Amino acid sequence: MFAWFANPERFMRLSAWGMPLATALATILFAIGLPWALIHAPADFRQGDSVRIMYLHVPAAWWALFIYVFMGVASLMGLVWKHALADVAARAAAPIGAAYAALCLVTGSFWGATTWGTWWEWDARLTSMLVLFLIYVGYLALWAAVEDEQRAARLAALLCLGGLVNVPIVHFSVDWWNSLHQPASILRSGGSAMDASMMQPLFVMAFAFLFAFVALLFAGMRAHVYRRRALSAAMRRARAA
Amino acid sequence: MNDHWDYVWWCYAIGGVTFAALIARAVIDLRRWKARAEKEERP
């Protein structure tokens, strides 16, 4: 299945309609989710209206982790099977994952300021999320620093695979250590602790973030495919001249 | 409106700016490289 997707021509055909479709779905879901989150969803009995930050913070956190795992799978496929699009997929996903991780950290900081009375605490969840963001930044810096693309892809894939260790640390940090951050309230054994009136807009926003990621990923991958085509055509011309 | 809204608005404004930046970057990159590939591949 992965080999089928790894064909650049097939990917360009698929993403030519996949990108506008994902953009439309993200737009519709944001149009439903934003007023739901800001107006219709109830305020929390303890946190008041500051709970509305959750509708940005939680999807950003979920997908920042998911995107990193996606990059890890793509990196592994690039290293082991040398799939033509694997490193392109990982590279195009990285800035989106970094932006989601940064959004999670910033919104979490605002949420912490209003509920905990502090903008930052060197607590296990916050620190491991910051480490995830720094790994994203390091991954992007590595791609920018190494000129030889094949070497850059190999080194970036190794960095990405090494950084996967941090993903379970982020997820389980609230269970493994005493944390200011609340424990998992949705993805936990025993079912969700959240009321449906908050869970529904949260999932709408989460899917909006997901489709935004898909649309941006397709756009980024298409740009990289065009870039490779342009550079190899320029090289062919230079050789012929 | 209570003072929690000051924090909420800031978060949503930052979220909007984040997505605007991601979209702008994606559109600029895609247009730039598509045009360059078409130009280079022209016989």
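The exercises below, each with a worked solution, concern a predicted model.

**Exercise 1. Describe the overall architecture of chain A: how many helices and strands does chain A have, and what share of its residues is buried?**

Step 1. The secondary structure of chain A consists of eight helices and zero strands. Read along the sequence, this gives the pattern α-α-α-α-α-α-α-α.

Step 2. Along the principal axes, the C-alpha atoms of chain A occupy a box of roughly 70 × 35 × 30 Å.

Step 3. Of the 241 residues in chain A, 50% are buried.

Step 4. Consider the contacts in chain A between residues at least 6 apart in sequence: 76% of them join residues at least 24 apart.

**Exercise 2. Characterise the surroundings of A:Ser50: where does A:Ser50 lie, and is A:Ser50 buried or exposed?**

Step 1. A:Ser50 is placed in the loop of chain A between helix 2 (8-40) and helix 3 (54-81).

Step 2. The relative accessibility of A:Ser50 is 0%, and buried means under 20%, so A:Ser50 counts as buried.

Step 3. The backbone oxygen of A:Gln47 lies 2.8 Å from the side chain of A:Ser50.

Step 4. Neighbours within four places in sequence are now set aside. The contacts of A:Ser50 are then A:Trp111, A:Thr114 and A:Thr115 in chain A, together with B:His4 and B:Val8 in chain B.

**Exercise 3. Examine the salt bridges: how many are counted over all chains, and which parts of chain A does the pair A:Glu149 and A:Arg91 tie together?**

Step 1. The count over all chains is six salt bridges.

Step 2. One of them pairs A:Arg52 with A:Asp49, whose closest N and O atoms are 2.9 Å apart. Both A:Arg52 and A:Asp49 are buried.

Step 3. A:Glu149 and A:Arg91 also meet in a salt bridge through their side chains, at 3.5 Å from N to O. A:Glu149 belongs to helix 6 (residues 149-163) and A:Arg91 to helix 4, both of chain A, so the pair ties together parts 58 residues apart in sequence.

Step 4. Compare the accessibility of the two partners with the cut-offs: buried is under 20%, exposed is over 50%, and partly exposed lies in between. A:Glu149 has a relative accessible area of 25% and is therefore partly exposed. A:Arg91, at 17% relative accessibility, counts as buried.

Step 5. In chain B, the side chains of B:Arg36 and B:Glu40 form a salt bridge at 3.3 Å, N to O. Both residues lie in helix 1 (residues 4-41) of chain B, where they are four residues apart, about one turn of the helix. B:Arg36 is partly exposed at a relative accessible area of 31%, whereas B:Glu40 is buried at 13%.

Step 6. Salt bridges with shared partners link A:Arg91, A:Glu149 and A:Arg227 into one network.

**Exercise 4. Analyse the largest cavity: which residues line the largest cavity, and which elements give two or more of them?**

Step 1. One cavity of 30 Å³ or more is counted. The space in the largest cavity is about 40 Å³.

Step 2. The lining of the largest cavity is made up of A:Asp87, A:Val88, A:Arg91, A:Trp143, A:Glu149, A:His224, A:Arg227 and A:Arg228. Helix 4 and helix 8 of chain A are the elements that give two or more residues to this lining.

Step 3. Sorted by class, the lining of the largest cavity has five charged, two nonpolar and one polar residues.

Step 4. Return to the network of Exercise 3. Its members A:Arg91, A:Glu149 and A:Arg227 are among the residues that line the largest cavity.

**Exercise 5. Analyse the largest pocket: which helix supplies the largest share of its lining?**

Step 1. The largest pocket holds about 1,200 Å³ of space. Its lining has 45 residues, and those closest to the centre are A:Val58, A:His181, A:Gln182, A:Pro183 and A:Ser185.

Step 2. In chain A, helix 3, helix 4 (86-115), helix 5 (124-145), helix 7 (166-176) and helix 8 (196-240) each supply at least two lining residues. The largest share, eight residues, comes from helix 3 of chain A.

Step 3. By class, this lining has 30 nonpolar, ten polar and five charged residues.

**Exercise 6. Assess the backbone at A:Lys82: where does A:Lys82 lie, and is A:Lys82 buried or exposed?**

Step 1. Most residues other than glycine have a negative phi. The phi of A:Lys82 is near 55°, a positive value in a residue other than glycine.

Step 2. A:Lys82 is located in the loop between helix 3 and helix 4 of chain A.

Step 3. With a relative accessible area of 62%, A:Lys82 is exposed.

Note on methods. Residues are numbered from 1 along each chain as its sequence is written. Chains are lettered from A and ligands numbered from 1 in the order in which they are written. This is a predicted model: local features need pLDDT of at least 70, side-chain atom pairs count only at pLDDT 80 or more; totals for chains, interfaces and linings use all residues. Side-chain values use heavy atoms; hydrogens and water are left out. Buried means under 20% relative accessible area, exposed over 50%, partly exposed in between (1.4 Å probe, protein chains only). A polar contact is a pair of N or O atoms within 3.5 Å; within protein, one must be able to donate a hydrogen and the other to accept it, and residues adjacent in sequence count only if both atoms are side-chain atoms. Contact means heavy atoms within 4.5 Å. On a 1 Å grid over the protein atoms alone, a cavity is a set of points where a 1.4 Å probe fits but cannot get out, and a pocket is an open set with protein on both sides within 12 Å along at least five of seven lines; lining residues have an atom within 4 Å of a point. Grid points are joined across faces, edges and corners, and a volume is the space filled by probe spheres set on the points. Ala, Val, Leu, Ile, Met, Phe, Trp, Tyr, Cys and Pro count as nonpolar, Asp, Glu, Lys and Arg as charged, and the others, Gly among them, as polar. A salt bridge is a side-chain nitrogen of Lys or Arg within 4 Å of a carboxyl oxygen of Asp or Glu.
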